[in-house]
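Got your viewer open? Here is a short tour, one selection at a time.

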Amino acid sequence: MNILCVGDVVGASGCDHLRRVLPETKRRYQVDVCVVNGENAAEGNGLLPAAAAHIFDSGADVITTGNHVFRRRELYETLEQEPMLLRPANYPPAAPGRGWCTVDRGRYQVTVINLLGVTYMEPMDDPFRALDRLLKEAEQPRFCLVDFHAEATAEKKALACYADGRVSALYGTHTHVQTADEQVLPNGTGFLTDVGMTGPVHSVLGIRPELAVAKMKDRLPVRFLNASGPCMMNAVLFTLDDTTGKTTAVERLDIR
């Protein structure tokens, strides 16, 4: 089984690039399930219902998110109504939406879990204990992916080691920079610290470079705007053993 996980989609240009390249990428790599992180797909940041619909129409089976998911209140109703649109599961229970779902293909089911890191981020429920709880709720699924939206590389690797052998793959999102540490952990869990992003190549994490420079150089408030120009789609392809659900291969992708 081939599972494609796509890095954070940034703005309208990221959405457009996703639409251009995702269908052919899925065909080329014979993708069975596609998960796309869409939390920055709206212009500025956050996610709007129209952008979520665009991502689904482009070929995503599941949309995961992160710390910007509740920036746009227009999304709250969609979070409640759309079972394949996730928000991190370790938000308080009263938050709109759900933190995990299962893609049912008949002969197999793939569970997708969305979690948020707490190191250098907002305080949330402990993602380690949250993962234990979710795996129990999902009845220890054979095929299970975890999108861990976190800042600290150590926190991402630590959760992957904690989950090793209990989930098929765990990968990081949020930093928008694709890392080069793809691996299969000792007990069969595939891992990549950060998938990267889908958006403008000539940018600072999707933002116009001059605006990011001004913010960091002058330390004054700046209204960030998304960059334009050529785009990339960063993703990771996990190949899973159909019998055990464990990862047999990990491949980073950068589709221009």
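Start by colouring the charged side chains: this predicted model has 27 positive and 32 negative ones. Look at where the two sets are centred, and you'll find those centres 2 Å apart.

Now switch to cartoon view. You should see 6 helices and 13 strands. The C-alpha trace spans about 50 × 40 × 35 Å along its principal axes. How does the radius of gyration fit a compact globule? The protein comes in at 17 Å, which agrees with the value near 18 Å that a compact globule of 256 residues would have.

Turn on the surface next. The accessible area comes to about 11,000 Å², and 51% of that belongs to carbon and sulfur atoms. Underneath, 56% of the 256 residues are buried. If you like contact maps, take the contacts between residues at least 6 apart in sequence: 62% of them join residues at least 24 apart.

**Stop 1: the cysteines.** How many disulfides are there in the whole structure? The search finds 0. Select Cys-5 and Cys-34 to see one case. Cys-34 holds the cysteine sulfur closest to that of Cys-5, but the gap is 7.7 Å, too far for a bond, since a disulfide needs the two sulfurs within 2.5 Å. Cys-5 counts as buried because its relative accessibility is 0%, and the cut-off is under 20%.

Then pick Cys-15 along with Cys-231. Here the closest sulfur, in Cys-231, is 10 Å from that of Cys-15, so this pair is too far for a bond as well. Cys-15 is also buried, at 6% relative accessible area.

**Stop 2: Tyr-76.** Keep Cys-34 on screen and add Tyr-76, which lies in helix α3 (residues 76-81). The C-alpha atoms of Tyr-76 and Cys-34 are 23 Å apart in space, with their positions 42 residues apart in sequence. What does Tyr-76 touch beyond its neighbours within four places in sequence? Show Phe-70 and Pro-96: Tyr-76 is in contact with both.

**Stop 3: two histidines in a loop.** Move to the loop between β8 (169-173) and β9 (183-184), and select His-174 there. Check the backbone: phi of His-174 is near 110 degrees, a positive value in a non-glycine residue. Most residues other than glycine have a negative phi. His-174 counts as buried, with 15% relative accessibility.

In that loop between β8 and β9 you'll also find His-176. Its phi is positive too, at about 65 degrees, although His-176 is not a glycine. Buried or exposed? His-176 is buried, with a relative accessible area of 10%.

Conventions. Residues numbered from 1 in each chain as written. Predicted model: local features only at pLDDT ≥ 70, side-chain atom pairs only at ≥ 80, totals over all residues. Heavy atoms only, no water. Helix = DSSP H or I, 4+ residues; strand = E, 2+ residues; numbered from the N terminus. Rg over C-alpha atoms; globule rule 2.2 N^0.38 Å. Buried < 20%, exposed > 50% of the residue type's maximum accessible area, 1.4 Å probe, protein only. Contact = heavy atoms within 4.5 Å. Areas by Shrake-Rupley, 256 points an atom, 1.4 Å probe, with all protein chains shown as cover. Lys, Arg positive; Asp, Glu negative; His and termini not counted. Charge placed at Lys NZ, Arg CZ, Asp CG, Glu CD.
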